[in-house]
Amino acid sequence: MIFKTASGLATVDTIFYGSGECPIGQVLVALSASGVCAILIGANKDELVADLAVRFPKANLVANEHVVHDDLTKVIRFVDKPGEGLDLPLDLRGTAFQRRVWETLRTIPIGTTTTYTELARSIGAPNSVRAVAAACASNPIALAVPCHRVVGSNGDLGGYRWGVERKRELIKKEAMA
DNA sequence: TTTAGAGAACGCG
DNA sequence: CGCGTTCTCTAAA
């Protein structure tokens, strides 16, 4: 669907979504035309859909379990058996800085962790630790963009958009894999 | 559309 | 415990 906006022609895309149950809660997968644009975790479906609506206020959100089925299955399997990895086509939407951070997150091996400081250094912005943390916090694609593998330099877990308990659980599961 | 100000999943002294 | 640093969002002009 195409809309005319003040800034010119903009495509307002349709996003299909579906959710399912996994060991750490309800998980929702959202698909745009070019790939997975969000993976959200929460207590129930309503919460997840509300979250999705906030993140994509201008998109046309359509519930469709069918088109999302395969990807959702992969995600749920990953939570259960992280050792097998999670390979999905992603549609990363964010500022250049955010994408730099998110892309780098994807290079962190399963079962390992890094720190916000180390992450800042590896994207070439050693002084941007706090900004890097903010970029992690705004990651819309849980699990596939493994922001849960970033911890504080002092050994603290740091925060997690979807609850530190889930972060702890994910790190633990990956370590055992 | 530009800009000023506040806040953020941090880390050091 | 407070401050430096970088990036984002919001409100207001």
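1. Disulfides. This predicted model holds 0 disulfides. For Cys37 the reason is distance: the closest cysteine sulfur, in Cys147, is 16 Å from the sulfur of Cys37, too far for a bond. Cys37 is also buried, with a relative accessible area of 1%. Cys136 is in no disulfide either. The nearest cysteine sulfur to Cys136 is again that of Cys147, 6.4 Å away. A disulfide would need the two sulfur atoms within 2.5 Å. Cys136 counts as buried, at 6% relative accessibility.

2. Cys136 and DNA strand B. Cys136 has a second role in this note. A backbone N or O atom of Cys136 lies 3.1 Å from a base nitrogen of DNA strand B. Gly159 does likewise: one of its backbone N or O atoms is 3.1 Å from a base nitrogen of the strand. For Arg161, a polar backbone atom lies 3.4 Å from a base nitrogen of DNA strand B. Two elements give two or more residues to the surface near this strand: helix H4 (116-122) and helix H5 (129-137). H5 gives the most, with 5 residues.

3. The surroundings of DNA strand B. How many residues lie around DNA strand B? There are 13, and those that come nearest are Tyr116, Thr117, Arg130, Ala137 and Ser153. By type, the residues of this surface divide into 7 nonpolar, 4 polar and 2 charged. Of the strand's atoms within 4 Å of the protein, 44% belong to sugar or phosphate. The rest belong to bases.

4. DNA strand C. Thr95, Phe97, Asn127, Ser128, Arg130 and Ala131 surround DNA strand C. They divide into 2 nonpolar, 3 polar and 1 charged. Here 79% of the strand atoms within 4 Å of the protein belong to sugar or phosphate, and the rest to bases. Arg130 is listed near DNA strand C, and Arg130 is also among the residues that come nearest to DNA strand B.

5. Polar pairs at DNA strand C. Which parts of the strand do the side chains of Thr95, Ser128 and Arg130 meet? For Thr95, a side-chain N or O atom is 2.2 Å from a phosphate oxygen of DNA strand C. For Ser128, a polar side-chain atom lies 3.3 Å from a sugar or linking oxygen. For Arg130, a polar side-chain atom lies 3.0 Å from a base oxygen.

6. Helix H2 and its kink. H2 covers residues 65-80 and has a kink of about 35°, centred on Asp71. At its N-terminal end, Asn64 acts as the cap. A side-chain oxygen of Asn64 lies 3.0 Å from the backbone nitrogen of His66.

7. The buried side of H2. Which residues of H2 are buried? They are Val68, Asp71, Leu72, Val75, Phe78 and Val79. An α-helix has 3.6 residues a turn, so residues three or four places apart point the same way. Asp71, the centre of the kink, is one of the buried residues. The cover over the buried residues includes strand S3 (14-22), strand S4 (25-32), strand S5 (35-42) and helix H6 (164-176).

8. Asp70. Is Asp70 buried or exposed? Asp70 sits in helix H2 and is exposed, with a relative accessible area of 54%. Its side chain makes a polar contact of 3.2 Å with the side chain of His69. Asp70 and Ile15 are 55 residues apart along the chain, and 16 Å separates their C-alpha atoms.

9. Ala175. Ala175 is found in helix H6. Ala175 counts as exposed, at 55% relative accessibility. Thr113 is 62 residues from Ala175 in sequence. In space, the two are 9.7 Å apart, C-alpha to C-alpha.

10. Leu143. Most residues other than glycine have a negative phi. Leu143 is not a glycine, yet it has a positive phi of about 70°. Leu143 is found in the loop between H5 and strand S8 (150-151). Leu143 counts as buried, at 3% relative accessibility.

Methods:
Residues are numbered from 1 along each chain as its sequence is written. Chains are lettered from A and ligands numbered from 1 in the order in which they are written. This is a predicted model: local features need pLDDT of at least 70, side-chain atom pairs count only at pLDDT 80 or more; totals for chains, interfaces and linings use all residues. Side-chain values use heavy atoms; hydrogens and water are left out. The bend at a residue is the angle between axes fitted to the seven residues ending there and the seven starting there. Helices (H or I, at least four residues) and strands (E, at least two) are DSSP runs, numbered from the N terminus. Buried means under 20% relative accessible area, exposed over 50%, partly exposed in between (1.4 Å probe, protein chains only). Contact means heavy atoms within 4.5 Å. A polar contact is a pair of N or O atoms within 3.5 Å; within protein, one must be able to donate a hydrogen and the other to accept it, and residues adjacent in sequence count only if both atoms are side-chain atoms. A residue is near a molecule or strand if one of its heavy atoms lies within 4 Å of it. Ala, Val, Leu, Ile, Met, Phe, Trp, Tyr, Cys and Pro count as nonpolar, Asp, Glu, Lys and Arg as charged, and the others, Gly among them, as polar.
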